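Student: I'd like to zoom in on a single part of this model and go through it slowly. Could you walk me through one helix?

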Amino acid sequence: MDAHQLVDQVDKKSFVWHAEEWIHNNKFHQHQKAQLVFVESGYQYLHTKNSRFLLPQNHAAWIPSNLPHKTTSASESVSLRTLYFSTSEMSDFYNNLYLFSVPVVLREMIMYTEKWSLNMVYNQSEQTFLHAILEELPSFIQNSIPLITPVPKSTNLLVMTDYIHQFYASSITIEELAEKSFVSVRTLERQFKKETGITISKYIQMVRIIKSLELLSDGNFNIGEIALQTGYSSAQSYSNVFAKLLGKRPSEYFQSFNT
């Protein structure tokens, strides 16, 4: 039974589904309950009817009620923690799609809900805890950093973006990507901008920053080490790009991520 089919049958306001080896349904579907999906490890793509987004490790998507969507992944293994909520009595905030990095507090709360995974029976403690997550979700989202990274549709561009994800720590030039795609730089740039709305350079920057956020959230590396591991020549150049894209320095983000 698919997740969305089971969710529609659960007679509870909130429901939990944790899966270490998530099996993706390649068909668009929707359900009455809204969905908070947290990528614990690996990465996946979230598709809506008009858009496709990258959802990397330590990030989450809030998918509102009855929004047609599907997920796919090129990652060998994806661990997802998914919470479903009835939002009929909630504010309009919950009727929109959000993609965001998950702060430590919310991550720990989501992980705690594993004890109720696939619990079909009403449990007051479960419902109280899940409702607390739902109530606080706007502040978690608004205080986090949104990372909406569109993904192209054309096969040649998907091959190119897969290459970027694999070799983001190396020096990648647009000329090199154009040569691998057997098109001119101008053609490649025009096609990519048309399909994603951003430039190839901006996409490379976003991939590197997303990878650096994963390292920041782990807390095992300093800023200089993270800079070198994500393709930057120095901590200063990494910090400058980070601030330009996200509005704050890595050190400021690190402090907010762990509070």
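Student: Which elements do the buried residues of α3 pack against?

Tutor: Keep in mind that this is a predicted model. The buried residues of α3 pack against the strands β1 (14-19), β2 (34-41), β5 (59-63), β7 (79-85) and β8 (98-101), and against one helix, α2 (104-112). The residues of α3 that count as buried are E126, Q127, L130, I133, L134, L137, P138, F140 and I141.

Now follow α3 from its start. There, a side-chain oxygen of N123 comes to within 3.0 Å of the backbone nitrogen of S125. Further along, at E136, α3 bends by about 50 degrees. A proline, P138, follows within four residues of that bend, and P138 is also on the buried list.

What about the length? Helix α3 has 19 residues, 124-142, so at 1.5 Å a residue it should span 27 Å; the C-alpha atoms at its ends are 28 Å apart, which agrees.

α3 also has a share in a pocket, the second largest, with a volume of about 240 Å³. That pocket has 14 lining residues, and the closest to its centre are K13, S86, E89, H131 and L134. The largest share of the lining, five residues, comes from α3. Notice L134 in particular: this residue is one of those closest to the pocket's centre, and it's among the buried residues of α3 too.

Definitions and conventions: Residues are numbered from 1 along each chain as its sequence is written. This is a predicted model: local features need pLDDT of at least 70, side-chain atom pairs count only at pLDDT 80 or more; totals for chains, interfaces and linings use all residues. Side-chain values use heavy atoms; hydrogens and water are left out. Helices (H or I, at least four residues) and strands (E, at least two) are DSSP runs, numbered from the N terminus. The expected span of a helix is 1.5 Å times one less than its number of residues. The bend at a residue is the angle between axes fitted to the seven residues ending there and the seven starting there. Buried means under 20% relative accessible area, exposed over 50%, partly exposed in between (1.4 Å probe, protein chains only). Contact means heavy atoms within 4.5 Å. A polar contact is a pair of N or O atoms within 3.5 Å; within protein, one must be able to donate a hydrogen and the other to accept it, and residues adjacent in sequence count only if both atoms are side-chain atoms. On a 1 Å grid over the protein atoms alone, a cavity is a set of points where a 1.4 Å probe fits but cannot get out, and a pocket is an open set with protein on both sides within 12 Å along at least five of seven lines; lining residues have an atom within 4 Å of a point. Grid points are joined across faces, edges and corners, and a volume is the space filled by probe spheres set on the points.
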